[in-house]
Amino acid sequence: MAEEVSSQMNSLSISETNPSSSATISLVSGDDIVFKVEPTIAKEMETVQSFIDETDGKITTIPLPNISSHDLPYVIEYCEKSIAGKITKEFEAEFVKKLNNEEVKELFLAANYLNIKKLLDFLSQVIADRIANKSVEYVRRYFGIENDFTPEEEAKLREELAWTFTGVDPDDEDEN
Amino acid sequence: MAQACTGERRLRLRVRTDRKEDRISALPNSLLEHIISFIPTKVAIATSILSKRWKPIWRSQMNLDLDDKSFPDTFAFHQFFNSFITMRDNTLPILSFHLTSRHGIYSNHHLYDFVYPAVTRGVETLIIDLCHRNTLPSIVLTTKTLSVLKLKRIKLNNDFQSVDLPSLKVLHLEYVTFKGLSYLHKLLSGCPILQELNCSDLIMHMHTMMPPLGFAISNLVRATLYGKTYIGLEWLHNVEHLNMYAYRMPPTIHGVFHNLTHLELMFIFDDLGLYGTFQWSWLIKLLQNTPNLQTLIIYDLYKVLPLPLSFLFLTSTSICFKKLIFYIIQQSFLIQEEWEEPEIVPECLLSRLTKCSLTNNRLIHSQLPFAKYIMQNSRLLNTIRIRTAESLDTNTKLQMLIELSSCPRISPTSKLFFV
């Protein structure tokens, strides 16, 4: 059975007296935690909304097997700000400060899965900023990419692309 | 969870996998290309070494962002650019092209080579930031797909024949050189749907050849004017947002700005009268010509720039020192002017103004009486925000606060914020 938890965001708490609360959407994370959100939030998530539309709004419990209960609150928080028209540079800077590399990637995948264009663009920019001017090894580690070039192939490519590696920052300790 | 099961048809996706697995590379190309569209082209090309999966991805980059700084000279960059363009997937458009150069002067022929692929592949955003004043290839000025054009340190003084930018909505010009005013006018006339104009320190070789009377950029919504821009305020009479930083004489005010709701002004208020640019009579005239103004923000830049720097700032576009001295003398006479209540309260105060903010306020030169005048006369005032300069001592601040909070406010709902 899914355990019900209220979202950490106060503004998401459902008012008992609100008659529209019956329309609340339940999002079920991959680890079976239910997040209750207002329908306006669901609208921001195209995947969820098209599911609701397809069933004529009869179904309000949506399983999101690919998104963990750790990541979902971030997505909800972003959508909430987006609806309120409060996505500012300051908010985005604060938002991303809380996230380590692994979380950024997870949220990117979540944004892609839920089809939230604004969040996807924002996280693409975050990822882009985090891999810019980093060494090849760093970026491979960052994405978890397995190098499938032979040493000869790689050496040849490195020679051809030598100019692109000027100005690369020294690798930091892994931030995760 | 019975309801949820019905949804599985659509929402069933891969089972959540181990975090260590390379889930990014498992994504479709379109998403890898999406990430790549946010990184500089140089880094995008470098991703081809990550793995075989990534090798061809950079070729699909549609937002090109190139900088010549990792190349030994302009020749090497030009050579690289040509081979890069041949190797990219040219069935795809170039949606945006951002070129930054810190190297030196490119020949007209080189610059043409740089912009040609973009303007012939549907470019929508073009940003050119050069360090020497190269000449913009005139082909750019007839690019029908162009929606955003930002130019920095470039000349537009070749005799361009015609300007046809039917899709251009945003135009930013910074340190751009024109042969004469009529060229600036010609450029703006060729942008029929322009909505946003940012101009900062334009350079004009000849000041003569004024644009025809009655010229206006009629669809313009936002305008930002920094320094000497040669833009007549009367050209902007439809704007809703106006942001102005005048470090010389404030521009002459002609006509009424019926749509203007948001006005931000940056000036140097100066008690020594050396660098000041502000005139109260000018502000009053502006307020009288903006009947629908809702927000008024005034920054005092005096201490934001340290004194020697603000001096440099002033001279940055001055042609010769003599002129500057003359200008300072001229300004020091102008600054003597004190705040005087206008005979008629400006219309916007009576019926529109809800927000007023004075930033870096040292409460000199009548800034305090002005703040009080706003509080006494703005009937719909919601907030008045006064951010005092850091240099003010606590005692002075306290006195000001007492004086301001005891000042009667005509709007019953107005709030005073004093920082």
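UniProt positions are given in the numbering used here, and annotations may be inferred rather than shown by experiment. Keep that in mind for the first view, and remember throughout that this is a predicted model.

**View 1. The annotated stretch of chain A, residues 117-163.** An unreviewed UniProt entry labels residues 117-163 of chain A "domain: SKP1 component dimerisation". Look along this stretch and you'll find 70% helix and 0% strand. Its end C-alpha atoms sit 34 Å apart.

**View 2. Chain A from start to finish, with eight helices and four strands.** Follow the chain along its sequence and the pattern goes β-β-β-α-α-β-α-α-α-α-α-α. Of the 176 residues in chain A, 28% are buried. Now take the contacts with a separation of 6 or more: 71% of them come from residues 24 or more positions apart.

**View 3. Helix α7 of chain A, residues 136-143.** Which residues of this helix are buried? They are A:Val136, A:Tyr142 and A:Phe143. Seen down the axis of α7(A), the buried residues fall within an arc of 125°, so they line one face of the helix. Their cover includes two other helices of chain A, α5 (101-114) and α6 (117-131). Just after α7(A) comes A:Gly144, which has a positive phi of about 70°.

**View 4. The two domains of chain B.** The domain assignment splits chain B into domain 1 (23-58) and domain 2 (62-230). Their C-alpha centres are 29 Å apart. How many residues of domain 1 of chain B are in contact with domain 2 of chain B? Four, and they meet seven residues of domain 2. On the domain 1 side, the touching residues come out as one nonpolar, two polar and one charged.

**View 5. The largest nonpolar core, with 77 residues.** Three leucines, B:Leu126, B:Leu156 and B:Leu236, touch the most other members of this core. Helix α7 of chain B (residues 181-189) gives the core its largest share, five residues. Zoom in on B:Leu236 and set aside its neighbours within four places in sequence: B:Leu236 is then in contact with B:Ile217, B:Leu220, B:Ala223 and B:Leu242.

**View 6. A second, separate core of 49 residues.** Among its members are A:Val48, A:Ile116, A:Leu119 and A:Val136. You've met A:Val136 already, as one of the buried residues of helix α7 of chain A.

Note on methods:
Residues numbered from 1 in each chain as written. Chains lettered and ligands numbered in written order. Predicted model: local features only at pLDDT ≥ 70, side-chain atom pairs only at ≥ 80, totals over all residues. Buried ≥ 20, exposed ≤ 12 C-beta atoms within 10 Å, placed from the backbone. Domains from an automatic or database assignment. Nonpolar A, V, L, I, M, F, W, Y, C, P; charged D, E, K, R; others polar. Arc of directions from axis to C-beta. Core = buried A, V, L, I, M, F, W, Y, C linked by C-beta atoms within 7 Å.
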